[in-house]
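Biologist: I would like a close look at a single part of this model, taken slowly and with every term spelled out. Please treat it as one connected account.

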Amino acid sequence: IPSDVIEIALQHHEGCDGLGYPSGLKLKNIHPLARLICVANEFCGLALKNPHRDGMPPQEAILRMNSVRADMFDKDCFTALCKLFHVELPKVVT
C-alpha cells in the first residue's frame, strides 16, 4: 500500500482545528486528501441513510456541518462541497 494512502486513511478523522483523532493534528500537518475525505466522510454520514439513521437532504447536512463544527473542516474543501450543492452559508457578522 502506498505510504500516502496509509497516511490519508490514518488522518481522515483529524480536524483542522486540532480536535480530531488519532493524533490531534492541525491543518498544515494533515495530508490534503485526508482533509478532503474528512469533509466527504462527515457529509456522507449525515446525508446517506444507514442502519443508525435516516439520511437528511444534502443542503441540511451541509448547514448542520457548518453550525456544529465548521472549524473542523478545510475551508477550501468545505466551500467546494457548498458550491456542488448550491448552498450559501449564512454570513458571519463580526
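In what kind of crossing, left-handed or right-handed, does α3 pass α4?

Modeller: α3 passes α4 in a left-handed crossing, that is, the near helix is turned anticlockwise from the far one by less than a right angle (clockwise would be right-handed). The model is predicted, so local features need pLDDT of at least 70 and side-chain atom pairs 80 or more, while totals for chains, interfaces and linings use all residues. Residues are numbered from 1 along each chain, and side-chain values use heavy atoms, without hydrogens or water.

Helix α3 comprises residues 58–69 and helix α4 residues 75–84, and their axes come within 10 Å while crossing at roughly 150 degrees. That angle makes α3 roughly antiparallel to α4 (over 145 degrees; under 35 is roughly parallel, 65 to 115 roughly perpendicular, the rest oblique). Ile-62, Met-65 and Asn-66 are the residues that α3 brings to the contact, and on the side of α4 they meet Phe-78, Leu-81 and Cys-82 (contact means heavy atoms within 4.5 Å).

The picture around this pair is filled out by α2, a helix of residues 32–47, which packs against both α3 and α4. With α3, the helix α2 makes an angle of about 125 degrees, the two axes being 9 Å apart. This makes α2 oblique to α3, and the crossing of these two helices is right-handed. From α2 the participants are Val-39, Glu-42, Phe-43, Leu-46 and Ala-47, which meet Pro-58, Ala-61, Ile-62, Arg-64 and Met-65 in α3. Ile-62 and Met-65 of α3 therefore appear both in the contact with α4 and in the one with α2.

With α4, the helix α2 packs at an angle of about 45 degrees, and here the axes are 8 Å apart. These two helices are accordingly oblique to each other as well, and their crossing is right-handed. Arg-35, Leu-36, Val-39 and Phe-43 in α2 meet Cys-77, Phe-78 and Leu-81 in α4. Phe-78 and Leu-81 of α4 are also part of the contact with α3, and on α2 both Val-39 and Phe-43 belong to the contact with α3 as well as to the one with α4.

Individual residues help to fix the surroundings of α3. Glu-42, whose place is in helix α2, counts as partly exposed at 31% relative accessibility (buried is under 20%, exposed over 50%, partly exposed in between). Setting aside residues up to four places away in sequence, Glu-42 touches Met-65 and Phe-73. The C-alpha atoms of Glu-42 and Glu-60 are 13 Å apart in space, with their positions 18 residues apart in sequence.

Met-56 is found in the loop between α2 and α3, and with a relative accessible area of 11% this residue is buried. Apart from neighbours within four places in sequence, Met-56 is in contact with Leu-46, Ala-47, Ala-61 and Arg-64, each of which also takes part where α2 meets α3. Between the C-alpha atoms of Met-56 and Gly-45, which stand 11 residues apart along the chain, the separation is 9.6 Å.

On the other side of α2 in sequence, His-12 lies in the loop between α1 (3–11) and α2. Once neighbours within four places in sequence are left aside, the contacts of His-12 are with Ala-34, Ile-37, Cys-38 and Asn-41.

Technical notes: Axes fitted to C-alpha atoms, helices over the stretch in contact; angles between N-to-C directions. Helix = DSSP H or I, 4+ residues; strand = E, 2+ residues; numbered from the N terminus. Buried < 20%, exposed > 50% of the residue type's maximum accessible area, 1.4 Å probe, protein only.
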